[in-house]
Amino acid sequence: MTPVNIALWGFILLGSIILGFAAIVLWKIGSGEIDITRLISEPATDPNNAGENQKGSLSRFQFLIFTFVIAGLYTILCIESGTLIEIPDSVLLLLGISGGSFLVSKGISANK
């Protein structure tokens, strides 16, 4: 067995495991076991009115989108090159700024 075949079978196995986990999560979202209705909204300030007056959170949405975009692009570039590539520092800095804005907004909403 050549190293290329071993790498191919490893990729197929790892890809199958990841796709299996993704299918399970999507199944649970579809069946209602995982509730994503308030995925990107700020937590309710009044626990008695948890479903009312909730606003969307721009920082949560930005962090979610940046994470998926960076992970998707990294995956595509790794597949195209056939090896793991180095993530540029500027991309990590942008992801850190996005995560930092999420944490700051969470801290501000916790102090209200």
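# A tour of three helices

Start with helix 1: its 29 residues should span 42 Å at 1.5 Å a residue, and the end C-alpha atoms are 42 Å apart, in agreement with that figure. The model is predicted, and helix 1 has the highest mean pLDDT among the elements of the chain, 87.

**The whole chain.** Zoom out and colour by secondary structure. The chain holds 3 helices and 0 strands, so the order from the N terminus reads α-α-α. Colouring by confidence comes next: the average pLDDT is 82, and 88% of the residues score at least 70. Helix 3 has the lowest mean of the elements, at 83.

Switch to a surface view. About 9,000 Å² of the chain is exposed, with carbon and sulfur atoms supplying 72% of that area. Of the 112 residues, 9% are buried. Among contacts between residues at least 6 apart in sequence, 40% join residues at least 24 apart.

**The end of helix 1.** Select residues 28 to 33. Gly-32, just after helix 1, takes a positive phi of about 95°. Now show the side chains of Lys-28 and Glu-33, which meet in a salt bridge with an N to O distance of 3.7 Å. How many salt bridges does a search of the whole structure find? The search finds 1. Lys-28 is partly exposed, with a relative accessible area of 32%, whereas Glu-33 is exposed at 57%.

**The nonpolar patch.** Select Val-25, Ile-34, Ile-36, Leu-39, Ile-40, Leu-58, Phe-61, Ile-65, Phe-66, Val-69 and Leu-73; together they make a nonpolar surface patch of about 920 Å². Which helix gives the largest share of the patch? Helix 2, residues 58–81, does, with 6 residues.

Two members of the patch can be picked out in turn. Leu-39 sits in the loop between helix 1 (3–31) and helix 2. Its relative accessible area is 48%, so Leu-39 counts as partly exposed. Leu-58 belongs to helix 2 and is exposed, because its relative accessibility of 65% is over the 50% cut-off. From Leu-58, draw a distance to Ile-40: the two C-alpha atoms are separated by 7.8 Å, although the residues are 18 apart along the chain.

**Helix 3.** Move on to residues 89–111, which form helix 3. This helix has 23 residues and reaches 33 Å from its first C-alpha to its last, close to the 33 Å expected at 1.5 Å a residue. Select its buried residues next: they are Ser-98, Gly-99, Phe-102 and Ser-105. What covers them includes helix 2, so keep both helices in view.

Finish on Ser-98, in helix 3. Is Ser-98 buried or exposed? Its relative accessibility is 1%, under the 20% cut-off, and therefore Ser-98 counts as buried. Show everything in contact with this serine, leaving aside its neighbours within four places in sequence: Gln-62, Phe-63 and Phe-66 appear. Phe-66 is also one of the residues of the nonpolar patch, which offers a way back to the previous stop.

Definitions and conventions. Residues numbered from 1 in each chain as written. Predicted model: local features only at pLDDT ≥ 70, side-chain atom pairs only at ≥ 80, totals over all residues. Heavy atoms only, no water. Helix = DSSP H or I, 4+ residues; strand = E, 2+ residues; numbered from the N terminus. Buried < 20%, exposed > 50% of the residue type's maximum accessible area, 1.4 Å probe, protein only. Contact = heavy atoms within 4.5 Å. Areas by Shrake-Rupley, 256 points an atom, 1.4 Å probe, with all protein chains shown as cover. Patch = residues over 30% accessible without salt bridge, like charges linked within 9 Å, V, L, I, M, F, W, Y side chains within 5 Å. Salt bridge = Lys/Arg side-chain N within 4 Å of Asp/Glu carboxyl O. pLDDT = per-residue confidence, 0-100. Expected span 1.5 Å × (residues − 1).
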